Amino acid sequence: SPEAIARQAGTDVPTSTLARFFASEFASGSPLARAAIGHAIVNAMRKRNEQQVAGQRWDLRLMATWVRGLGDTGRYGRQRHGRYAATHADARESDVYIATMVLTRTWPDPTGGADQFLDPYWQRRLHAQYPDRWDSVEEKLAQWTARGGREVYVVPGTDPDRLVFVRPRVA
């Protein structure tokens with residue numbers, strides 16, 4: 001369970017969960033890239049609360065364990081079947097440290113409020129292998145920006161071939 005994993009890691013559930021997002025989604029990423037992903041996840045959680053998605057009070061644990069059509073599974077897992085992002089990999093000490101900095105706002109949000117992120121490299125590979133199940137990078141970004149007032153953003157200092165964000169359009 002998320003609670004047992006956090007106890008074992010010697011931290012709280014939100015920090016442990018955010019650190020697992022990093023380890024699962026972008027383990028090879030720089031500290032800046034992982035912090036940017038962390039802020040996007042926290043922003044997505046806040047957005048879900050503002051919009052009262054599924055009538056839930058969203059926290060990081062629920063962001064990690066909620067699966068579309070099933071609700072709260074109570075388990076971490078891979079990004080399949082409507083899960084916001086993967087949380088299957090154990091976090092490293094550096095992931096926990098960055099998660100702590102994001103959650104305490106010691107590391108300011110470099111994304112400008114992004115609430116979605118994408119690794120174009122992996123999206124292209126998955127689309128090439130499973131074109132019926134995975135959108136192309138262009139299709140996915142078009143879906144995310146179609147609601148208007150949203151834009152694709154690359155955090156300065158990160159590789160746009162490996163990480164892009166979608167955020168509210170900045171005037």
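Visitor: Why is W122 called partly exposed?

Guide: Its relative accessible area is 41%. Buried means under 20% relative accessible area, exposed means over 50%, and partly exposed is in between, with a 1.4 Å probe and protein chains only. So W122, at 41%, counts as partly exposed. Mind you, this is a predicted model, where local features need pLDDT of at least 70 and side-chain atom pairs count only at pLDDT 80 or more, while totals for chains, interfaces and linings use all residues. Residues are numbered from 1 along each chain as its sequence is written, and side-chain values use heavy atoms, with hydrogens and water left out.

Visitor: What makes Y121 and W122 an aromatic pair, and what makes the pair edge-to-face?

Guide: Rings of Phe, Tyr and Trp (its six-membered ring) pair if their centres lie within 6.5 Å; planes under 30 degrees apart are stacked, over 60 edge-to-face, and the rest tilted. Y121 and W122 sit 5.4 Å centre to centre, with 85° between the planes, so they pass both tests. The structure holds one aromatic pair. Y121 has 36% relative accessibility, so Y121 is partly exposed too.

Visitor: Why are α2 and α5 called oblique to each other?

Guide: Helices here are DSSP runs (H or I, at least four residues), strands are E runs of at least two, and both are numbered from the N terminus. Helix α2 covers residues 13–25 and helix α5 residues 93–103; they pack at about 120°, with axes 8 Å apart. Axes are lines fitted to C-alpha atoms, for helices over the stretch in contact, and angles run from 0 to 180 degrees between N-to-C directions. Under 35 degrees is roughly parallel, over 145 roughly antiparallel, 65 to 115 roughly perpendicular, and the rest oblique. An angle of about 120° falls in the rest, so α2 and α5 are oblique.

Visitor: Which residues make that contact?

Guide: Contact means heavy atoms within 4.5 Å. On α2 they are P14, T15, L18, A19, F22 and A23; on α5 they are D95, V96, I98, A99, T100, V102 and L103.

Visitor: And why is α1 said to be roughly perpendicular to α2?

Guide: The axes of helix α1 (residues 2–9) and α2 cross at roughly 95° and come within 9 Å. That angle lies in the 65 to 115 range, so α1 is roughly perpendicular to α2. P2, E3, I5 and A6 of α1 meet V13, S16 and R20 of α2.

Visitor: Is A19 buried or exposed, and how do you know?

Guide: The relative accessible area of A19 is 0%, so A19 is buried. A19 lies in helix α2 and touches A91, D95, V96 and A99, not counting residues up to four places away in sequence.

Visitor: What makes T87 buried?

Guide: T87 has a relative accessible area of 0%, so T87 is buried. T87 sits in the loop between β2 (71–72) and α5. Leaving aside neighbours within four places in sequence, T87 is in contact with R20, F21, S24, A64, Y76 and G77.

Visitor: How do you know that R105 counts as exposed?

Guide: R105 has 57% relative accessibility, so R105 counts as exposed. R105 is in the loop between α5 and β3 (116–118), and the phi of R105 is near 60°, a positive value in a residue other than glycine. Most residues other than glycine have a negative phi.
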